[in-house]
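Colleague: I'd like to learn how to read a model like this one. Could you walk me through it, starting with the ligand?

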Amino acid sequence: MLLRVTDLVKTYPAPDGILPILQGINMTLEKGETLALTGESGSGKSTLLHLVGGLDQPDSGSVELEGQDIGGLDDAGRAAVRRDKVGVVFQQFNLIPSLSVAANIEFQARLSGRENAEWTQDLAARMGLSDQLSKYPEQLSGGQQQRVAIARTLAARPTLILADEPTGNLDEATADTVLELMLSLAAETEAAMLMVTHSERLAARMSRRMHLRSGRIA
Ligand code: ADP
Ligand code: MG
């Protein structure tokens, strides 16, 4: 089992008490599985992704990655897990403006010690970015920047890819192409993927789906 989430609970403080966000989530993900996460805005999808990626801590419950409870780790330990195992793609690109496209793509792989020039070039080519490598993020369209962000995540060969509406800023045809590419690259590297999407069409391409309603699996 790659990922096991058990009785995960998350609340936020609110002016009139506490706001329950996740109310006991249980889920598992096997190596190589792709899971589409759907749910209305505010249902807790992004919160769940943050907890699974060790970017935030739950009130109670556990997240185990390859048998390791990441809740038991300190900040440095969680950072190491993120660096070594988890790749995150958000809707905002978060590219580094002062680095070229090539350096942006290599950035995460370099941090995790998995830099591989051939793999980087291959990814860039398949993302349609070969002619953009020496440019800077501001010189690219939104869709191209999104593809750079995805390539940067995949370049580090994460075991688990967490994607929060990764194609939300792309037109339908480009979103399809990019997701197809993410799925085939995930399959090649045997990575599992948990992806938030509002698109029924994209959700249908993934091996499983899960729907959140008011902080619970519906
Ligand atoms: P989704 O991604 O499904 O749209 P989120 O996980 O972003 O939902 O948010 C779930 C709920 O938690 C929303 O009601 C949101 O307003 C609330 N929320 C998210 N982050 C915070 C925070 N840092 N403080 C207080 N409330 C938050
Ligand atoms: Mg969200």
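Modeller: Sure. Keep in mind that this is a predicted model. With a ligand, I look for polar atom pairs: an oxygen atom of ligand 1 sits 3.1 Å from a polar backbone atom of Gly-44. Another backbone case is Ser-43, with a polar atom 3.3 Å from an oxygen atom of ligand 1.

Colleague: Which side chain has a polar atom 2.8 Å from an oxygen atom of ligand 1?

Modeller: That's Lys-45. Taken alone, ligand 1 exposes 570 Å², and the protein buries 58% of that.

Colleague: Then the shell. Which residues surround ligand 1?

Modeller: Go through the neighbours in sequence order: Tyr-12 and Ile-21 come up, then the run Glu-40, Ser-41, Gly-42, Ser-43, Gly-44, Lys-45, Ser-46 and Thr-47. Next, sort them by class: two are nonpolar, six polar and two charged. Helix H1 (residues 45-52) supplies the largest share of the shell, three residues.

Colleague: On to the nonpolar cores. How many residues does the largest one have?

Modeller: It has 37, and Ile-105, Met-127 and Met-193 make the most contacts inside it. After that, ask which elements feed it: two or more residues come from each of H3 (101-111), H4 (117-126), H5 (142-155), strand S7 (160-164), H6 (172-188), strand S8 (192-196) and H7 (200-203). H6 gives the most, with eight residues.

Colleague: What does Met-127 touch, leaving out residues up to four places away in sequence?

Modeller: Its contacts are Arg-147, Ile-150, Ala-151, Leu-154, Leu-181 and Leu-185. Apart from this core lies another, of 27 residues, including Leu-3, Ile-21, Val-86 and Leu-212.

Colleague: Now a charged residue. Is Arg-78 buried or exposed?

Modeller: The check is relative accessible area, with buried meaning under 20%. Arg-78 comes out at 11%, so it counts as buried. This arginine belongs to helix H2 (residues 75-85). Beyond four places in sequence, Arg-78 contacts Gly-54, Gln-57, Ile-70 and Leu-73.

Colleague: And a loop residue: where does Gly-53 lie?

Modeller: Gly-53 is in the loop between H1 and strand S4 (60-65). The test is again relative accessible area: at 3%, Gly-53 is buried. Setting aside residues up to four places away, Gly-53 touches Arg-82, Val-86 and Leu-162.

Colleague: How would you read a distance along the chain against one in space?

Modeller: Pick two C-alpha atoms and compare. Gly-53 and Ser-214 are 161 residues apart along the chain, and their C-alpha atoms are separated by 21 Å.

How values were computed: Residues numbered from 1 in each chain as written. Chains lettered and ligands numbered in written order. Predicted model: local features only at pLDDT ≥ 70, side-chain atom pairs only at ≥ 80, totals over all residues. Heavy atoms only, no water. Core = buried A, V, L, I, M, F, W, Y, C linked by side-chain atoms within 4.5 Å. Buried < 20%, exposed > 50% of the residue type's maximum accessible area, 1.4 Å probe, protein only. Helix = DSSP H or I, 4+ residues; strand = E, 2+ residues; numbered from the N terminus. Contact = heavy atoms within 4.5 Å. Near = heavy atom within 4 Å. Polar contact = N/O pair within 3.5 Å; in protein donor to acceptor, adjacent residues only side chain to side chain. Areas by Shrake-Rupley, 256 points an atom, 1.4 Å probe, with all protein chains shown as cover. Nonpolar A, V, L, I, M, F, W, Y, C, P; charged D, E, K, R; others polar.
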